[in-house]
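Thanks for making time, everyone. Please bring the structure up on your screens, and I'll walk you through it.

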Amino acid sequence: ITHIYTLIHIHKRKPIVPHKLETTTMEPKENGLESGQVIDGPTNPMVTPLLNDLYQFTMAYAYWKAGKHNERSVFDLYFRKNPFGGEYTVFAGLEECIKFLANFKLSDEEIDFVRDCLPGSEEAFGDYLRGLDCSDVEVYAIPEGSVVFPKVPLMRVEGPVGVVQLLETPFLNLVNFASLVATNAARHRFVAGKSKSLLEFGARRAQGPDGAISASKYCYLGGFDATSNVAAGKLFGIPLRGTHSHAYVSSFMSTDEIVDKVLCSADGKTTCEDFVSHVQTWLKKIQYSPSLSGIFSETNQSELAAFTSYALAFPKTFLALVDTYDVMKSGIPNFCAVALALNDFGYKALGIRLDSGDLAYLSREARNFFCTVERELKVPGFGKMVVTASNDLNEETIDALNKQGHEVDAFGIGTYLVTCYSQAALGCVFKLVEINNQPRIKLSEDVTKVSIPCKKRSYRLYGKEGYPLVDIMTGENEPPPKVGERLLCRHPFNESKRAYVVPQRVEELLKCYWRGSADEAREELPPLKEIRERCIKQLENMRPDHMRRLNPTPYKVWFSPTNMFFGFPRNRVNVFSSVTGKCKREAVRFHPLLMAQRSTCW
């Protein structure tokens with residue numbers, strides 16, 4: 001975490017206090033807030049207006065130079081395809097976007113640097129940048145933690161084009177990875193099942209400090225139970241989990257190295273003066289047990305010393321890594337000896353971790369061993385020891401373990417989770433859809449890259465069984481769908497695909513999270529735990545065939561028949577005037593909107 005926060009000095013900002021989330025000294029503006037209300041800055045102090053592509057500032061200058069910078073614009077932030085070969089995505093990163101908006105301000109030093117990057121820019125442009133804030137920006141978004149689908153705007157950003165253009169790169173940066181890793185976490189949760197604990201162990205393999213912090217936060221949002229990342233635990237209140245590594249086990253040579261052998265009982269009434277000898281006594285009992293004697297003979301004494309020492313340090317939370325030498329011939333018997341010794345003094349060991357080998361087989365054998373100890377040595381509950389598995393786990397390996405049959409209670413997942421190994425990026429985009437109340441569209445020979453013009457509203461329609469049926473987009477001024485009324489829904493790019501839906505419940509998706517100069521009430525930013533609960537609830541409410549790993553059913557995102565896509569006013573067709581050549585022909589061929597307008601457009 002030190003590496004993250006020392007970056008703040010690049011901009012000569014004051015040190016932050018992580019646990020209070022005061023991670024920036026940009027002066028808060030009362031933009032869209034009640035008087036006196038302040039929102040903390042972004043978690044990462046590097047998230048400033050300079051976290052931008054150069055062309056955002058070149059466009060801002062060109063807008064300003066042309067006198068267009070205050071023109072009212074509408075941008076949609078959305079993605080085109082679900083990640084990981086699935087049919088759903090979890091939306092994350094909204095809170096960080098709102099924190100960025102609330103503290104959007106360029107310092108004099110930053111303005112000087114921007115002007116140095118734009119040779120020949122006028123001094124008055126610096127004055128314009130100095131006065132920029134987000135007091136006239138409005139943000140409507142789907143609540144964070146929601147299950148979302150391609151083409152539906154995750155965020156609709158309205159405001160002067162000069163300032164909104166400067167939000168594009170930061171917003172995409174804050175949403176792309178957050179949504180990708182939250183979706184990855186949700187997919188791991190789905191394959192592992194509700195009953196298993198999922199632990200995020202990825203800090204050491206993440207792409208840099210911010211990758212580690214962000215991954216911990218959004219894996220928790222996506223359904224993980226805990227993290228090994230101490231910094232994330234402090235920042236976000238995520239439960240922490242961890243034990244020891246192989247280095248700790250191999251650092252011991254014998255039990256003679258244990259200096260302090262005293263253990264006080266859990267109730268504080270008795271004291272064991274030589275806990276090491278007590279452990280040795282239990283190990284002999286296990287060795288002479290009729291049902292266990294054939295499994296092992298002599299265990300590794302340095303491993304036993306490590307386990308004993310660790311139990312003396314953490315008697316209430318003893319969990320041992322048992323695969324440093326030999327799992328069944330040494331690790332498990334040594335663990336059981338220490339756990340049984342702790343039990344005599346009122347402590348209950350938590351369990352073991354397996355980090356190598358055949359996890360399905362070893363987990364089953366370990367469970368059998370624990371159950372035999374419970375039965376033979378009359379120790380109630382010993383057979384329910386927690387078995388944690390790690391070792392480069394991912395969706396596929398967990399699915400394979402499920403098919404083989406295993407006795408794993410918790411999965412520690414790192415590299416494949418936090419790096420999103422099977423997909424590098426989500427691919428969110430930020431497209432202009434309206435300016436000065438005039439619709440705008442981006443055409444492409446690739447029909448999937450054609451943007452959807454106009455300011456839109458989005459709804460989710462639910463069926464009798466409570467599952468979502470379809471997301472539909474309508475024009476801003478269209479009447480909303482009504483419960484119990486039959487509605488014709490149409491595919492955006494294939495006019496022949498259509499269906500009637502009779503919704504039993506209608507949910508409007510976009511809520512106002514930043515009101516600017518609008519009169520609408522602003523949604524409060526919920527705590528991370530509530531966002532996580534929303535995510536879990538939404539995923540449970542999805543139809544199973546949309547969620548399955550193999551050949552999931554695509555979720556429908558369609559349009560109402562009366563919206564701008566099928567009844568675009570003819571006086572607005574100049575939106576396409578800059579498109580030429582083959583792109584025109586392809587757009588006409590694939591695009592219902594353009595099919596209806598082609599005689600007027602061209």
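Start with Arg-156. Its charged end sits over the ring of Tyr-140, 4.5 Å from the ring's centre. Keep in mind that this is a predicted model. There is another arrangement of this kind at Arg-505. That residue lies over the face of Tyr-462, 3.8 Å from the ring centre.

Now, the sheets. Take the antiparallel one. It is an open sheet of six strands, and the order is S15-S14-S1-S5-S3-S21. Which strands are at the edges? They are S15, residues 438–439, and S21, residues 511–514; each of them pairs on one side only.

Look inside that sheet at S1 and S5. S5 covers residues 155–160, and six bridges pair it with S1 in the antiparallel sense. To find the register, go to Ser-73: it stands opposite Gly-159 in S5.

Two helices come in here. Helix H7, residues 168–192, packs on the sheet and touches S1, S5 and S14. The direction of H7 makes about 135° with that of S14, which is residues 429–435. Helix H3, residues 94–102, lies across S3, S5 and S21. Against S21, H3 runs at about 45°.

Just before S1 there is a loop worth a stop. Glu-71 sits in it, between helix H2 (54–65) and strand S1 (72–78). The Glu-71 side chain makes a polar contact of 2.9 Å with the side chain of Lys-68. What else does Glu-71 touch, leaving aside neighbours within four places in sequence? The answer is Gly-159, Pro-160, Val-161, Ile-435 and Asn-436. You have met Gly-159 already, as the residue opposite Ser-73.

On to the parallel sheet. This open sheet also has six strands, in the order S7-S6-S13-S12-S11-S10. Why do S7 and S10 each have one side left without a neighbour in the sheet? S7 (226–227) and S10 (319–321) stand at the edges with a single partner strand each, so one side stays free of a neighbour there. Further in, S6, residues 197–200, runs parallel to S13, residues 410–413, and four bridges join them. One bridge pair to find is Ser-197 with Ala-410 in S13.

Last stop: a helix pair. H12 is residues 301–313, and H13 is residues 327–343. They pack at an angle of about 35°, with axes 9 Å apart. Is the crossing left-handed or right-handed? It is right-handed. From H12, the contact uses Glu-303, Leu-304, Phe-307, Thr-308 and Ala-311. From H13, it uses Ser-330, Gly-331, Asn-334, Phe-335, Val-338 and Leu-342.

Notice the two phenylalanines in that contact, Phe-307 and Phe-335. Ring pairs link both into a cluster with Phe-318, Phe-370 and Phe-382. Across the model, the count of aromatic pairs comes to 17.

Conventions: Residues are numbered from 1 along each chain as its sequence is written. This is a predicted model: local features need pLDDT of at least 70, side-chain atom pairs count only at pLDDT 80 or more; totals for chains, interfaces and linings use all residues. Side-chain values use heavy atoms; hydrogens and water are left out. A polar contact is a pair of N or O atoms within 3.5 Å; within protein, one must be able to donate a hydrogen and the other to accept it, and residues adjacent in sequence count only if both atoms are side-chain atoms. Contact means heavy atoms within 4.5 Å. Rings of Phe, Tyr and Trp (its six-membered ring) pair if their centres lie within 6.5 Å; planes under 30 degrees apart count as stacked, over 60 as edge-to-face and the rest as tilted. A charge sits over a ring if NZ of Lys or CZ of Arg is within 6 Å of the ring centre and within 35 degrees of the ring normal. Two strands pair if DSSP finds at least two bridges between them. Axes are lines fitted to C-alpha atoms, for helices over the stretch in contact, and angles run from 0 to 180 degrees between N-to-C directions. A crossing is left-handed if the near helix is turned anticlockwise from the far one by less than a right angle, and right-handed if clockwise.
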